Structure formats: structure tokens, C-alpha cells
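This report is an introduction for a reader who is meeting the structure for the first time. Please keep the view below at hand while reading.

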Amino acid sequence: MEVPCVAVPRVDGEQTRQTLANAGVLSKAYQIVHDEGTLYIPVVDPSAVPEKFETTTRELPPRQTIQTPADILGFEPSLERLGDVVIVDEDESDRADEIAEAVMESDLSARSVLNRASKIKGELRVRDWEVLAEGDNTAVDRSPTETVHREYGHEFLLDLDSVYFSPRLATERHRVVEQIQPDEHVLDMFAGVGPFAIPAASRGADVVAVDLNETAIEYLRENADRNSVSKCITAVAGDIREVATDYQGWADRLVMNLPHSANEFVETAVDLAGNECVLYYYDIQHDSEPFGPGIEAIRSAAEPAYEVTVETEHVVRSYAPHELNVCLDVRLTRR
Ligand SMILES: C[S@@+](CC[C@H](N)C(=O)[O-])C[C@H]1O[C@@H](n2cnc3c(N)ncnc32)[C@H](O)[C@@H]1O
């Protein structure tokens, strides 16, 4: 179908598109087409196009519109995406079902929709899930809680039903991993399925990844394989306090992502630290003093054997009203 449009040299395309959008004449029903150095930008009303532009008509393909859950529901639901699993957080079951149905009907191509059915609990930090909707599983043969999640170029297979994983920490993990240098010894004390350990190994570090959850360690080994870093990672299932005896004085960097009880593990961290070691200490504290308790715990475990330098006090995210998830980057230098 012939559509009214503005023809401009390609180099002027973005500026023209902006001007037409600001003038309220840009048509979203058709695609912009490029042909021999000229862009054809569809408009809704040629008579309203600013005079400086040349208008014409041309065959333009209709735009593929994507139907979102919000289009179907008429409101924006709060959703989180983990691979092909979509997570909702709804207390009211009718509303949860309504959202799940809209997700499956939309173009999100979700394989399942889950609702949080408990808080994160226990030593393994796993929660209960309610499966609200499940699509066709024949192509992948996975349970509705198992998925492959991609983060900064790495992929992680994981089952939410048996391991901890939060996509909300992606930026934070990237911040830490970017600091890691080739050949450093990195010890992840609470490694989960490997979202710190595997990218660390990709940067050329020698990594030891420990977790109490045997299933998480099985996934971590599988993920090391998937990301071609198995040779650089030693994965150990066990309590870090016991595993630590094999790695005393070994670490150049220590990742301590067990925010509710990290203070119980600072002595172990000091045992693991080499002569010079950076500790990434995650904590959850009241926003009136988010960093003080962690710094005090580290100082009382590490001094006087180590000089303690707090390099970064970093707020990762808001955790609950007046509670912050924070990270301290702390350098320990043996005196
Ligand atoms: C908050 S999760 C973090 C997992 C991972 N670092 C991530 O970012 O996804 C904490 C992990 O610590 C593990 N954990 C708890 N107590 C532990 C212990 N004493 N020794 C080793 N791992 C432990 C849990 O099983 C859980 O996988």
C-alpha cells in the first residue's frame, strides 16, 4: 500500500525522525525504509509535515507490533525475566492467574510463569514457587522452574526450585568481575550456580567456587562447561568453614555474597586471604548505618594481622523499606 512519507538523505534520518515525532506526524504503523541513500519515513498527515521536508508516497511494510502483557491486561504488571521463565510477585491469586494468562498469550515467549510462594529461606537461600502457567515443554524437556539465563555474555542453567539465583544482581556482579585480573586467585565462598565464579574464570583467574548446596555445585560444574571455563574452576560442595582449611592464605580476591549472615564468616575469610586480598563483603543493613557493622566485623577479625583499607562503600539496591543491600570492597594487606 502506498503510504505518505518524508524522503531524506540517510545521514539526516535520525534528526528528521525526531523532528517528525515532535511534530506529532510520525506514523508508527509502517516501517522506515532505506533505499539507495534515502530514508523514507512514514507520516500520518502529509499536510502537517514541516515545510522544509519533501513529502512523497511509497510502498512501506507495516510495522510488526509486539503484544505485551500490559497490552492485554490494560495495566503494567511487575514482572521479572529469567531465561524463558517469567516471575510475578502477587499475593492475590486471581490477579496472579490473570497476569500469567496474559504473559502466555503475549509475545514474550515465556515457557512458564512462576509466582513467589515464600520468602527466601534456610541456609541454602531457596524459596518455594507456585507454577501459574506452563507452555509447551517438549522442545527443551525441562521442569517449569529450570531455565537457561544469559548475563553479560555467559549462560547459566539453573533450577529456581533448588538453587538461589537473582537476575537483579547482574550489574553488581559485573562491577566486581571487571576488577579481576588474569592469574589471580579468586575464591567465591558462596558461589551458587556460578554467576561470579564463571565470569571470573573467563577473565583468566584461577577460581575456587564453594557452596553448601550440592545441587548448586552440580549446576555450577555444568555452567563452567557451557561457558568453556571448566579448566579454571575448582567447584567444591561443602561448608566454606570446613573447605577453608585446604585454601588457607590462598586468595587474592574473596567474594562473600551471603548478605544476612556474612559477619559469621569473616574469620574464615581472613584465613583464606593471601598477603594482599580484596574482600567483596555483601551485607543487608538499616539505611541509617549501612556500612558500619560490616567494617567493624572485618576490622575485628583481620586486625592487627592485616591492615584494613575500605576501598569502596557501595549500595547495591534497596532491599526493603529502610534496608539496603550493600557491598564493601575491602583490601587486606598483611603487616
Ligand atoms: C545469596 S546466595 C548467593 C549465590 C551466588 N553467589 C549468586 O550470586 O547467585 C548464598 C549461597 O551461599 C550458600 N551457603 C550458605 N551457607 C554456606 C556455607 N556455610 N558454606 C558455603 N556455602 C553456603 C547457599 O547455598 C547459597 O547458594
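Ser-112 is placed in strand S7, which covers residues 112-116. The model is a predicted one. With a relative accessibility of 0%, Ser-112 counts as buried, because buried means under 20%. A polar atom of the Ser-112 side chain lies 2.6 Å from the backbone oxygen of Pro-144. Leaving out residues up to four places away in sequence, Ser-112 touches Asp-84, Val-85, Val-86, Ala-133, Glu-134 and Pro-144.

Two of these partners return in the surroundings of Glu-80, a residue of strand S5 (residues 79-82). Beyond residues up to four places away in sequence, Glu-80 touches Val-85, Val-86, Ile-87, Arg-116, Pro-167 and Arg-168. Between the side chains of Glu-80 and Arg-168 there is a polar contact of 3.0 Å. Glu-80 has a relative accessible area of 12% and is therefore buried.

**The nonpolar cores**

Which residues of the largest nonpolar core touch the most other members? They are Leu-187, Met-189, Leu-254, Met-256 and Ile-298, in a core of 38 residues. Two or more residues of this core come from each of strand S12 (206-211), helix H7 (240-243), strand S14 (251-256), helix H8 (266-272), strand S15 (273-286), helix H9 (292-302), strand S16 (306-320) and strand S17 (323-334). Another core lies apart from it and has 31 residues, including Ala-191, Ala-197, Ala-200 and Ala-216. In soluble globular proteins, nonpolar side chains tend to be buried together.

Met-189 offers a view into the largest core. Not counting residues up to four places away in sequence, Met-189 is in contact with Val-210, Ile-240, Leu-254, Val-255, Met-256, Phe-265, Thr-268, Ala-269 and Leu-272.

Helix H9 has Gly-292, Gly-294, Ile-295, Ala-297, Ile-298, Ala-301 and Ala-302 among its residues, and these are buried. The elements against which the buried residues of H9 pack are H8, S15, S16 and S17. In the loop between H9 and S16 is Pro-304. The peptide bond that leads from Glu-303 to Pro-304 is cis, and its omega is near 5°.

**The ligand and its surroundings**

The ligand has 21 residues around it, of which Glu-123, Phe-190, Asp-211, Ile-240 and Asn-257 come nearest. By class, this shell holds eleven nonpolar, four polar and six charged residues. Ile-240 places a backbone N or O atom 3.0 Å from a nitrogen atom of the ligand, and a backbone N or O atom of Leu-212 lies 3.1 Å from a ligand nitrogen atom. Asn-257 takes part through its side chain, with a polar atom 3.0 Å from an oxygen atom of the ligand. The ligand taken alone exposes 600 Å², and the protein buries 98% of that area.

**Exposed positions**

Where in the model does Asn-275 lie? Asn-275 is in strand S15. Its relative accessible area is 54%, so Asn-275 counts as exposed, for which the value must be over 50%. Apart from residues up to four places away in sequence, Asn-275 touches Tyr-306, Leu-332, Thr-333 and Arg-334. Trp-250 is 25 residues from Asn-275 along the chain, and the C-alpha atoms of the two are separated by 8.7 Å.

Strand S16 holds Ser-318, which counts as exposed at 54% relative accessibility. With neighbours within four places in sequence left aside, Ser-318 is in contact with Glu-323 and Leu-324. Ser-318 is 37 residues from Tyr-281 in sequence, and the C-alpha atoms of the pair are 16 Å apart in space.

Two loop residues with positive phi values are set out in the table.

| Residue | Loop | Phi | Relative accessibility |
|---|---|---|---|
| Asp-183 | between helix H4 (170-177) and strand S11 (185-188) | about 75° | 63% |
| His-322 | between S16 and S17 | near 65° | 53% |

Asp-183 is not a glycine, although its phi is positive, and His-322 likewise has a positive phi in a residue other than glycine. Asp-183 counts as exposed, and His-322 is exposed too.

Methods: Residues numbered from 1 in each chain as written. Predicted model: local features only at pLDDT ≥ 70, side-chain atom pairs only at ≥ 80, totals over all residues. Heavy atoms only, no water. Core = buried A, V, L, I, M, F, W, Y, C linked by side-chain atoms within 4.5 Å. Buried < 20%, exposed > 50% of the residue type's maximum accessible area, 1.4 Å probe, protein only. Helix = DSSP H or I, 4+ residues; strand = E, 2+ residues; numbered from the N terminus. Contact = heavy atoms within 4.5 Å. Near = heavy atom within 4 Å. Polar contact = N/O pair within 3.5 Å; in protein donor to acceptor, adjacent residues only side chain to side chain. Areas by Shrake-Rupley, 256 points an atom, 1.4 Å probe, with all protein chains shown as cover. Nonpolar A, V, L, I, M, F, W, Y, C, P; charged D, E, K, R; others polar.
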